[in-house]
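I opened this entry to keep track of what I looked up, beginning with the aromatic side chains and going on to charges, cysteines and overall totals.

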Amino acid sequence: MNIREFLNLIARYKWLIIAIPTITLCITYLLVKNLPKEYKSQAKLSTGLLDPSRQVAPDVPSYSGPDLLIKINQQFTNIMDIMAMPKNMSILSYRLILHDLKNPQKPFKPLSDDVKALSENERQEAIRLFEERLAQKQVLTPLDNYHIKLYNLVKSMGYDAKTLSRKLSISHEDNSDFVTVEFTSNNTFLSVFVVNTLSRDFINNYSFDLISNKNKSITVLDSLLKKKEGVMNDKNQQLKEYKIKNRVLNLDKQSQIVYQQIIDYENKKSQALIDLQSLQSALNNVNKNLQSRDQDKYLGAELSQDNQTIISLKNKIHTAENDYIDGGFLAKDKKKVDSLQQLLNAQLVKSNDNYVSDPLVAKQSLILRRISLGVDLDKTRASIKDIDDELAKLNAKFTTMVPFDAGVQKYERDADVATKEYLDILNRYNQTNLDKNIGLRLQLEQEGVPTSPEASKKVIYMALAAIASFAICFFILLIIHVFDHSINDQKQLEEATNNKVIGELNHLKSDSSNIHELWKTSEAYKDRLMYKNQLRHIRFEVNKILAKEDFKILGITSLKPDKYYISSVTSLAYAFARLNKQVLLIGNNEVGFEAQKLNVPTNQSVKAVFQDCSIQKNKHITYLNSDLEGFSLLEKNDKNNLTQSFNKLKKEFDLIIICLEPLNTVNDMKEWTLFTEKYLATFMAGNSISEKDKEAIKDLSEDNKFIGWLIDGVKRNKRTNA
């Protein structure tokens, strides 16, 4: 969105924007100047929800923190919603209409035509019917129109729920224990009556309904409590009989003791098995030591070799002694005996040095150890057997307890469930009784009283009306600007076509269409002077383009047919004629009509000129009618002849302007452009470019002869002109 264009649009319609709010302000003043005064009355109801001094037991004991605040807010909302329900509003309507029917001399409002039309008997009958409905607290509906139209009577006085609700306000301020009831009317006593009556009736009805509901709940809970008590007693009796029948005192304790004994014996058995393995391992080691002498030197495993050596030496000595005796006691035999005796002594000494202790003692110790281990091993095996026997007895005993335990658990579970249900109902019964006696109690803390009239809202209504009308005008202009795709000036046309715009011509009134008169009187009118200067600028640009290549034939077309297109052509021709140039203007009948305004003869045609090449020149502007009687340009003459004809015309005239047909119409415009040296297109300001127009613009952009656009009919406000 272009902000500058939008501001220009606002400036263009500024008087409309000023006039509409002003008119609206005046109309609003006439409507509100006789508004009656309004009186507001206010009553306050205390609920006790946030007043600790009135709470013996909280109504929401199971809530805390944010949940408690939410619950309390819900209660306030419920109170306000119930107060505005049709039942309570109907009661208020009955009391209001009964007041006026019973006090026709001092009604809250002027009596309506329906009320005035009642006869005395009908009025008394209406009072009786309204009192009956009030006593029964019936809701008033449009169907309550019998021989006496009750609903119509209430509605005619403005006492129906819908009408009262417009001026009635029921609210609650945050962190306050009060519910505020406000009513505004043209009668201060009516306002007081409404807030006080609605508050009192609501308190009475709400308290009655609350106690009634509590009594119903207590009755239901009492009946349910008795049923749950019977179920609980029955379940407990079943549990008792089962325990007596199966001789069960405290099965949980008994099973716990047996289970603990089983665990203890299992631990003893585990320890006995460990001891058994230890004794068996020790016994195996003792037996191994007794049987493997090669590995244990301390048992005297090498003693056998030494003894064999000693025995051998003793045998040798015995043999030598026998030989010594038998040989007659020879000295050599004696020497042999002595030598063997020395060897024996040496062997004995050696044997005594190696074995200080007696090997038989160590062996005896191992034998005793083996005997001791064997005894311990037998004792351990016997204890394991005893433990297994005891475990078997305990497991059998524990197994017999399992069915009884399952049965006891079933009966205990049923008894617990029944007891819990009974206690829950009992708590709800007690809580409901407590709520009934000390629960929520609404009180009318502040009654409504007569007040001074409220400040007049006339100024507010007038200001709102003026602001609203101004906003509507502004919004409408914004919508117009957003959805307006029209092109209104040179810059917009350049952006839309991506082509050069040679210049623009501003909008002129219909009385300024004669270019000759406009040129002479332009100094006296700003818009004419601007048009003249713009035309000179366009003439300069076109002349500069044509002079570059010494061109003389200029075509002028348009995107769409419009009246400004023809006037632009004749105006540009006149502008060049003001330079004392001979201008040949070729165009249709409409161009000829404009040429007549310049006193230019219009009796010559292109057809005749192309046939004999003779033309009668006028002083500055010569006109030729381009009508070919339904034939196209190339159908009349071939291209070479036409080229020769235009070359001859170029020699006789300084500039040839050909008025071409519009681009978006079916015509032979392209045949004419074959003989133009340059051409431009005009665009009427305020028009938009369609998809079809974009195709034509694309063709123009690709043509080297096309020099640009001329936008005509540009409207400018005073700010733009300045």
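I looked up Trp709 first in this predicted model, and found that Trp709 counts as buried, at 0% relative accessibility. Its neighbour in the listing of ring pairs, Phe706, is buried as well, with a relative accessible area of 11%. I then asked how many aromatic pairs the rule gives for the structure, and the count came to 10. For Phe706 and Trp709 the ring centres are 5.9 Å apart and the planes stand at 75°, so I noted the pair as edge-to-face, the class for planes over 60 degrees apart. Both residues belong to one aromatic cluster, which also takes in Tyr679 and Phe683.

Next I turned to the charged side chains, where the count is 17 salt bridges. Glu691 and Lys694 form one of them, with the closest N and O atoms 3.5 Å apart. I looked for their placement and found the two residues three positions apart in helix α24 (residues 691–701), which means that about one helical turn separates them. Glu691 counts as exposed at 57% relative accessibility, whereas Lys694 is partly exposed at 44%. Elsewhere, Glu125, Arg128 and Glu132 are joined into one network by salt bridges that share partners.

Glu517 and Lys520 make a further salt bridge, at 3.8 Å between the closest N and O atoms, and both lie in helix α16 (residues 515–521), three residues apart, or about one turn of the helix. In this pair Glu517 is partly exposed, with a relative accessible area of 37%, while Lys520 counts as exposed at 53%. I also checked Glu594 and Lys597, whose side chains meet at 3.5 Å, N to O; there Glu594 counts as buried at 16% relative accessibility and Lys597 is partly exposed at 31%.

How many disulfides does the rule give? The count is zero. Among the cysteines I looked up, Cys26 is partly exposed, with a relative accessible area of 45%, and Cys659 counts as buried at 7%.

On the surface I noted a nonpolar patch of about 360 Å², made by Leu35, Ile460, Tyr461 and Leu464, and I placed Leu464 in helix α14 (residues 458–483).

Last, I recorded the totals. The protein has 25 helices and 11 strands, and buried residues make up 38% of its 722 residues. Of the contacts with a separation of 6 or more, 79% join residues 24 or more positions apart. The protein exposes about 42900 Å², of which carbon and sulfur atoms supply 53%.

Key: Residues are numbered from 1 along each chain as its sequence is written. This is a predicted model: local features need pLDDT of at least 70, side-chain atom pairs count only at pLDDT 80 or more; totals for chains, interfaces and linings use all residues. Side-chain values use heavy atoms; hydrogens and water are left out. Helices (H or I, at least four residues) and strands (E, at least two) are DSSP runs, numbered from the N terminus. Buried means under 20% relative accessible area, exposed over 50%, partly exposed in between (1.4 Å probe, protein chains only). Contact means heavy atoms within 4.5 Å. Accessible areas come from the Shrake-Rupley method with a 1.4 Å probe; for residues, only the protein chains shown count as cover. A disulfide is a pair of cysteine sulfur atoms within 2.5 Å. Patches are made of residues with over 30% relative accessible area and no salt bridge: like charges are joined within 9 Å, nonpolar side chains (Val, Leu, Ile, Met, Phe, Trp, Tyr) within 5 Å. A salt bridge is a side-chain nitrogen of Lys or Arg within 4 Å of a carboxyl oxygen of Asp or Glu. Rings of Phe, Tyr and Trp (its six-membered ring) pair if their centres lie within 6.5 Å; planes under 30 degrees apart count as stacked, over 60 as edge-to-face and the rest as tilted.
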